[in-house]
Structure formats: structure tokens, C-alpha cells
Amino acid sequence: MLKKIFKTNNNIKGLQIKPSLNAASLDIEKIDFIEKLVYPLEDSKFNYYTPTVKTGDRVKKGQVIAVAENAHGLKILASAEGTIKGVETVKAPLPQKLADALVIEPINKTYTFEDAIFNNDVVLSDFPKELIFQSIVQANIQGLGGGLFLAAKKLLSSDKIDHIVLNAVECEPVLNCDEALLTHYLAECLAGGLFLQKAANAKTITIVLKENKIDLINYLKHFIKNNEQFNNIAVATVPDLYPAGAEKEILKHVFNKPLKAKDISTNHGYLMNNIMTAVSIFRAVAIQAPQLERVFSVFGKNIKNSKNILAPIGTTAEDLLRFAKIDESKIDSIRVGGLMMGEDITTETNIKTTALLKSSNGVILNTKEDKKTVECINCGECSKVCPVNLVPNKMFKAGQADDFTNRFFKNLDECMFCNLCNYVCPSYIDLVGMFKYSRQQIQLIEQEKQRADYINKLTAKKRDREEAEKLEKERIKLERKLAREKRLAEKAQKEAVENAES
Ligand code: SF4
Ligand code: SF4
């Protein structure tokens, strides 16, 4: 059972969640064997990719194998040298969805990592801004905190970024891949942050953690104090509440900068990146390494071998479980992503082909709990916990009735899909599933309305043009008629004068 404690702290509204799951060891183990790599041609942000390779092609490590159709600059890179085996249908990184995926069979199934270790003799400030930016572009660096934004695009999105924020909050309960990363790659993470600061010309840089990570905070402060190159990095904390690590929550509570749902943080001078992204930036600048790997937390109920595993992007859940020596027959399902925002994968086929991607920070192994959905009892728990003060039960009812213009949907844009309302609901109602569906429907209605407005505008323009053409024709006709009448009158007058003279 999960223990729930509702509390507010420094005006942060959220839940302190104490699941009965053991966190993974803070050691980072490197996966050593990859059977295949799988790359869905859709991502969790509704971007669609077109392959740039075909079945049978031999691809190099780091080669572009697909490019996004609807988001300029996004691409998928091969994490290992291998052969394109074809396109398979796999679990998409979106709820209840399948997607086509490129499958690579590595030439060498033993995976090798290239380490980039920070060396204090290297003066970080000597690296030119242009070199840092170009390295970030070349390395195809996307935000590993879940946003998947291109780091280079984020840097270019505003010409006035004053503050760099390194997000190490890891607000999903039990996940600790960021903590493991800070424990083993602290200098590399901070150096990546300093490169970002230089690239953005930012005045300040702050790393934000959960306040209960006392040992890590002390280690971090000690390290910063004793390493001159990192002296300008500030350390801030947020309470151990979910979802205190969301970007807008951090800006509101640490920097006193409340932003609206549609506000973009870089437009307000703040550029936030997850610390794993910062390590990718360090590697890109230091050794020109593309972003091909990340750390995944693997843990679960009654699982002894909970681990943090460094593995290439595209590794299948099956390869990860094999490496962690977890007997698949003993688990009923896996959950990819965090306890709150992840998604359950239940079938054997899905486990074999589910790819662990840039946005998948954890793999939770669990036994299915019997959660039978019953009617809403109007207890109000969902509204009490909502960090952005929505009324989930009313929204759910409006969604059920397809009443998307309902006043309770007015602020649906504010919903972070944090899952807190689902988590506390005693009736096990999938409120968030309904909100995702409703947002899609509202977007479709909006698109339809825009299309209708566009067609109406075109029709009105055509009508105006036809009207103008008609008026112009009539004007010309009238002009000609008047000219002809004038000519005839002049002719008649001339003839009359001539007749009079003769
Ligand atoms: S998922 Fe949305 S409605 Fe539910 S608690 Fe989170 S922000 Fe509120
Ligand atoms: S928590 Fe569940 S049962 Fe309670 S009001 Fe919200 S939707 Fe209804």
C-alpha cells in the first residue's frame, strides 16, 4: 500500500508520497549486452518521424536514422553500429497506442560506453560560446527530464536568458537516477550547466534538489565551495512533495516567478534543464559525443536487484530486465516512467519490444493491484490535492458528457497530468485519462473551428472579390456607355454645325 500524506509547505501544494517500494541502489551499472535497439517513429510529445534509412542498410553509431516531420530539428540517432532489420509495430511512448518503429540489430552485441570525465586542469571558461552551441546542435541534445525539447532550440528561443536552472528535483517518488548521476558525475553535471550558462550569456546558475536529500546537498555544497570553477553555482531546495519538481512549480516557489500555463520560461529569462541533460551537454562539448545513452532506474515490489542502469536509448525492456537479472515470470507487469506519470505495459510482446527512450526515466516492476473503478462519491479529495486548483471530478463529469465548453474545462490547459487526482481517488477513477482525451477533443474542435473560420474568410474574400469585379465591370460598362453617348452627341453637334454652315 502507498502511504499518503497531504501537506503544504512554503505554499507548495502537493503530496508527500511514501510508496512501499525500495529505491534502486545509487550505483550506476552499465548494460553490457544489447540484442536489438528499437526506435518508435512517434514520441511522447506527438512528434512523428520519417526514416532516412531502409531495411538492410548498415548504420553507424550516432547516424541519423529518422527526422521529425512536424518539428524542425528533431531527429533519431542510432545508438550503435548495426543493420536496419525493418519496421515493427511496437508499443508507442503514448498511452494505449502502437507505433511503427525502426529496429536495429547491433553488429556487436556487447555495448561499449565512452566515458567523459571532468578534469580540473581544463578551464571551462576558455571554451568559446560558439563551440558550445555547435556541440549541442551536433549532439542532438533533447531534455531528458521528459520535455524532449531540443536544447539548442531552447537556447535560441529568447535573446535574454538571465538564469540557468539545473533541475535535480526528481519529484516522481522512488526514482533516483538523477541522484545516482549526481553521486557519480557531479563535476560533469555542473560543468554541463556552466557550458549552458556560457552559451546563454546567463548571469546566474542554480541547481535545485529535494530538501530531504541531505547527504547529497551537503556533498554538493562542499564540492562547489572547494572547486573554484563551480563557485558561482547556487543550491536551492524544494520540499519533498509531488509535483514540486515541475518547471513552473520550481519557478514559482524557488524564484518567486509564477507563470501562466502557456507562458514559456525562456521568455521570462529562465532556462531550465534536467541534470542528465547537463551531463549530455558536458559530453557533447568535451568529447563531441552525441546523446545516445541515459540512466534508467529499475526497481519494484519484492525485487532484490533494483538498479540504476546506464543503457543506450532504444534498449528494450527485455534487455534491461535480462541485465538486471530479473526473472520475467515473477512480474505481472512493468511500468515505464515514474510511479505517478508512467504507463503500465502488461503483455509479454510489449515487454519484449517496448523501447526505453529519452523520456523514460524508470522501469517499475510490479504485481497488478486489483483496482476496480466505482462511482464518484464526491469526496473532494481530487480537488484538495490538485496543485493548480482544478476541480477534477466536475471536469470528469463534463468530459463524460462530451461537454467541452463546460466552465470547469476553462482551465484545462493548466493541468500538468501529474496524476495526483488519480492517485488519491478512492473510487479508482481514471480522471487523467479523461483529461487527456478531453484536451485532444478540444484541440480537434479548435482546429475544426480555425478551419471553418479560414474557409469562411476565404469565402468572404471570394465574395468581396466577385462583388468588386462586378462593380468594376459595371463601372467600365457605364464609362463606355457614357463615352459612346458623348461621342454620338459630339458627332451630332458637329453634323448640326456643318449642316448649318452649308
Ligand atoms: S492531473 Fe491535472 S487535474 Fe489532476 S491533480 Fe494533476 S494538475 Fe490537477
Ligand atoms: S477523488 Fe474520486 S471519488 Fe472523490 S470527488 Fe474526486 S473523482 Fe470523486
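This report covers the nonpolar cores, one helix, one loop residue and two ligand shells of a predicted model.

## Nonpolar cores

The largest nonpolar core comprises 97 residues. Within this core, I65, L190, I207 and I334 have the most contacts. Helix α3 (residues 177-200) supplies the largest share of the core, namely 15 residues. Another core, of 21 residues, lies apart from it and includes C171, F255, M340 and C418.

In soluble globular proteins, nonpolar side chains tend to be buried together.

## Helix α4

Helix α4 consists of 13 residues (residues 214-226). At 1.5 Å a residue the expected span is 18 Å, and the end C-alpha atoms are 18 Å apart, so the two values agree.

The buried residues of this helix are L216, I217, L220, F223 and I224. They lie on the same side of α4, because the arc they cover around the axis is only 130°. An α-helix has 3.6 residues a turn, so residues three or four places apart point the same way. The cover over the buried residues of α4 includes α3, β12 (204-210) and β13 (233-238). On the face turned away from the buried side, α4 carries the exposed residues I214, D215, H222 and K225.

## Residue D32

D32 sits in the loop between β3 (28-30) and β4 (37-40). Its relative accessibility is 42%; buried means under 20% and exposed over 50%, so D32 counts as partly exposed.

Leaving aside residues up to four places away in sequence, D32 touches K109, T110, Y111 and F323. D240 is 208 residues from D32 along the chain, and the C-alpha atoms of D32 and D240 are separated by 34 Å.

## Ligand 1

There are 14 residues around ligand 1, of which C386, C415, C418, N419 and C421 come nearest. Two elements, α11 (420-424) and α12 (431-501), each give two or more residues to this shell.

The shell around ligand 1 contains 13 nonpolar residues, one polar residue and no charged residues. C418, one of the nearest residues to ligand 1, is also among the residues of the 21-residue core.

## Ligand 2

The shell around ligand 2 is made up of C376, I377, N378, C379, G380, E381, C382, N393, C425, P426, S427 and L431. By class, seven of these residues are nonpolar, four are polar and one is charged.

Definitions and conventions: Residues numbered from 1 in each chain as written. Chains lettered and ligands numbered in written order. Predicted model: local features only at pLDDT ≥ 70, side-chain atom pairs only at ≥ 80, totals over all residues. Heavy atoms only, no water. Core = buried A, V, L, I, M, F, W, Y, C linked by side-chain atoms within 4.5 Å. Buried < 20%, exposed > 50% of the residue type's maximum accessible area, 1.4 Å probe, protein only. Helix = DSSP H or I, 4+ residues; strand = E, 2+ residues; numbered from the N terminus. Near = heavy atom within 4 Å. Nonpolar A, V, L, I, M, F, W, Y, C, P; charged D, E, K, R; others polar. Expected span 1.5 Å × (residues − 1). Arc of directions from axis to C-beta. Contact = heavy atoms within 4.5 Å.
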